[in-house]
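Morning, everyone. I have one structure to show today, and I will keep it short.

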Amino acid sequence: MLETPTDVTLTELAEVLQVLLDLNIPQTTIDNFGLTWLRSYLQAQRPSTEYPKKPPKCFRCLETATRYTTSKTNTKGNGGRPYFKCDPCNKFLVFADYRGNYPRHDPQRGPEDNICHCSVSTKRLIAGRDKNNPGQVFYVCRQGTCDAYIPCVELGTNRAIKIALGLQSELAELCII
Ligand SMILES: [Zn+2]
Ligand SMILES: [Zn+2]
């Protein structure tokens with residue numbers, strides 16, 4: 001974990017599980033059992049919530065969205081990922097997959113558990129290298145039907161939670177982001 005006055009960067013998988021999923025699994029256990037084991041374990045402990053199967057209506061213009069898939073060579077950690085976009089508005093709406101679909105919303109847990117403007121649980125994403133806050137974890141509408149943007153911050157200190165971009169592909173494989 002790297003700490004600055006304004007943010008905290010999680011550099012190990014075990015830290016990510018602790019901070020984002022409230023699961024205490026030692027890094028040595030993860031190293032010993034491997035990612036395939038961890039993926040099954042997470043699916044049992046923290047199953048992801050549904051994503052939109054049909055194109056949502058754009059919340060800006062009310063037109064029905066169109067389904068696309070990102071290029072396999074997408075450099076933002078999102079290669080081959082299906083998503084919905086509004087063509088008339090030329091706006092990305094939501095990824096159509098289970099990744100980062102945060103199932104819990106318990107206000108006692110703080111900002112982590114915020115719900116979107118549609119009053120449902122959110123989808124966890126991470127800002128890529130091309131953004132001004134690379135590695136920042138944030139939550140958006142899981143259904144693509146509102147423009148919620150909820151930065152993930154540390155309880156108590158309000159410091160931004162970031163994840164080392166080197167962990168990105170493992171976290172994608174585990175459906176955490
Ligand atoms: Zn639109
Ligand atoms: Zn929403």
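I will go through a metal site, a sheet and one loop residue, and please keep in mind that this is a predicted model.

Start with the metal. Which residues coordinate the zinc ion (ligand 2)? Four cysteines do, each through SG: Cys-116, Cys-118, Cys-141 and Cys-146, at 2.3 to 2.4 Å. The site is tetrahedral, and the angles among the four donor atoms run from 108 to 111°. For reference, the ideal angle for four tetrahedral donors is 109.5 degrees. Along the sequence, the donor spacing reads C-x1-C-x22-C-x4-C. Cys-116 sits in the loop between strand 5 (91-95) and strand 6 (122-126), while Cys-141 belongs to strand 7 (residues 137-141), so this pair ties together parts 25 residues apart in sequence. Are these two residues buried or exposed? Both Cys-116 and Cys-141 are buried.

Now the sheet. Strand 7 is part of an open sheet of three strands, ordered 6-7-8 with antiparallel pairing. Strand 6 and strand 8 (149-151) are the edges, each pairing on one side only. From one strand to the next, the twist averages 30°. Between strand 7 and strand 8 there are three bridges, in the antiparallel sense. Opposite Pro-151 in strand 8 stands Phe-138.

Last, the loop residue. Asn-101 is in the loop between strand 5 and strand 6. Its relative accessible area is 2%, so Asn-101 counts as buried. What does Asn-101 touch, apart from neighbours within four places in sequence? Its contacts are Ser-48, Thr-49, Glu-50, Tyr-51, Thr-122, Lys-123 and Arg-142.

That is the tour; questions are welcome.

Conventions
Residues numbered from 1 in each chain as written. Chains lettered and ligands numbered in written order. Predicted model: local features only at pLDDT ≥ 70, side-chain atom pairs only at ≥ 80, totals over all residues. Heavy atoms only, no water. Donors = N, O, S within 2.8 Å, 3.2 Å for Na, K, Ca; no water. Tetrahedral: all angles 85-135°; square planar, octahedral: opposite > 155°, others 65-115°. Helix = DSSP H or I, 4+ residues; strand = E, 2+ residues; numbered from the N terminus. Buried < 20%, exposed > 50% of the residue type's maximum accessible area, 1.4 Å probe, protein only. Contact = heavy atoms within 4.5 Å. Pairing = 2+ DSSP bridges. Axes fitted to C-alpha atoms, helices over the stretch in contact; angles between N-to-C directions.
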